[in-house]
Every structure is written in C-alpha cells, then in structure tokens.
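Please open the structure in your viewer and keep the sequence beside it, so that each selection can be followed in both. The tour begins with the whole chain and then moves to a few single residues.

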Amino acid sequence: LFAALNKGGGVTAGLKKVDRSQMTHKNPELRASSVVSAGAVKKTAAPAKKFGGPVAKKDPVLELNGKKWQVEYQVDNQQIEIEANIKQTVYVYKCERSTLVVKGKTNAITIDGCKKFAVVFDSCMATLDLVNCQSVQVQVINSVPTISIDKTDGAQVYLSATSLETQIVSAKSSEM
C-alpha cells in the first residue's frame with residue numbers, strides 16, 4: 001500500500017484526461033445548465049435522538065454459567081452474596097443501588113455499567129475492572145493485584161492493609 005502511494009506522479013496515471021470543454025469552471029455554458037434551484041434542495045431536519053430515555057426493564061440474573069458468575073440487572077438489592085472459588089470469574093452488569101458480597105478467592109471481577117453499586121470481596125487473583133460506572137464503591141478484604149478503572153465517574157476504593165501494594169490504573173475517569 002505504501003509503495004503504491006510513494007509512486008509520486010504514477011498514482012494518477014490511471015485517471016482519464018478531461019478536456020477544457022468538459023470543465024465547468026472553464027466553460028460558462030456548463031455552469032449555467034447545471035444550476036439547481038434553491039427550492040429543489042430543501043434540507044429536512046433529522047428527528048432528534050433521545051438518549052437516556054426509558055429502557056425496558058430486564059429480569060434480574062444471578063447465576064453461574066460454567067466458570068462465570070453473572071449478576072445482571074439487580075435493582076435495590078442489598079443482599080447479593082456469591083460463594084466463589086479461584087477458577088471462577090464474576091461479571092456484574094447494569095446493576096443499580098445494590099450491594100454484592102463475594103466470599104472466597106475469585107479469579108477476576110468485572111463491573112460494567114452499574115450505578116450506585118457496591119462490591120465487597122475477599123481476594124481476587126488477577127484484576128478488578130470498573131467500566132462505564134457511576135458512583136461505585138469497592139472494598140477489598142484481603143488482596144487484589146490490579147484495579148482498572150475505565151470511563152467511571154465516582155469510584156471509591158477501600159483497600160485493606162494487606163492490599164496496599166495494589167496497582168490502580170485509570171483512564172477517562174473522574175471523582176476517584
């Protein structure tokens with residue numbers, strides 16, 4: 001691709017030549033014949049898109065699929081508890097005003113699109129990810145090596161004395 005672009009003048013070799021009689025800026029007769037009336041070009045305004053409108057309520061999900069715990073669409077539920085092991089991951093999606101307690105050592109935890117959500121967990125082997133969240137609280141009882149916070153507004157992370165070596169990586173986030 002770059003070799004074709006670096007040909008210089010050879011790039012335009014395949015284009016056909018336009019003589020002066022076909023050029024509208026050189027031939028006033030062509031300019032006069034191709035005038036479009038102002039009434040013919042009428043722009044219609046596109047209907048405004050509505051963001052943040054009412055979303056259809058989905059049924060709450062709390063289940064183990066293979067090695068992945070799925071916690072989805074939980075609203076006003078302060079008593080969500082999971083018994084996890086080291087081979088399982090936890091995926092939390094679109095939960096609001098809820099609290100999740102993860103007991104045991106888990107592989108990874110991902111919290112995606114939650115609002116006013118809190119999670120308390122013992123240990124995590126790999127990472128805790130917060131993505132597209134608002135007003136999220138996280139409490140680590142034992143340890144977690146990495147916490148990643150992406151596109152999140154309002155994240156509070158409480159680390160225990162054994163997890164003070166945790167690396168926190170953030171991008172496009174505020175109020176941490």
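Begin with the cartoon of the whole protein, where you can look for 2 helices and 12 strands, bearing in mind that this is a predicted model. If you trace the chain from the N terminus, the elements run α-α-β-β-β-β-β-β-β-β-β-β-β-β.

Next, switch on the surface of the protein, which comes to about 12200 Å², with 53% of that area belonging to carbon and sulfur atoms. Of the 176 residues in the protein, 28% are buried. If you display contacts between residues at least 6 apart in sequence, 3% of them join residues at least 24 apart.

Now select the cysteines: how many disulfides does a search of the whole structure find? The search finds 0. C95 is in no disulfide, and the nearest cysteine sulfur, that of C114, lies 4.6 Å away. C95 itself is buried, because its relative accessible area is 0%. Moving on to C133, you will find its closest cysteine sulfur also in C114, at 5.0 Å, which is too far for a bond. C133 has 1% relative accessibility and therefore counts as buried.

Finally, go to the loop between β11 (153–158) and β12 (167–171) and select S160. Is S160 buried or exposed? Its relative accessibility is 14%, so S160 counts as buried. Show its side chain, which reaches the backbone oxygen of I141 at 3.1 Å. Leaving aside neighbours within four places in sequence, S160 is in contact with V140, I141 and N142, so you may wish to display these residues together with S160.

How values were computed
Residues numbered from 1 in each chain as written. Predicted model: local features only at pLDDT ≥ 70, side-chain atom pairs only at ≥ 80, totals over all residues. Heavy atoms only, no water. Helix = DSSP H or I, 4+ residues; strand = E, 2+ residues; numbered from the N terminus. Buried < 20%, exposed > 50% of the residue type's maximum accessible area, 1.4 Å probe, protein only. Polar contact = N/O pair within 3.5 Å; in protein donor to acceptor, adjacent residues only side chain to side chain. Contact = heavy atoms within 4.5 Å. Areas by Shrake-Rupley, 256 points an atom, 1.4 Å probe, with all protein chains shown as cover. Disulfide = S-S within 2.5 Å.
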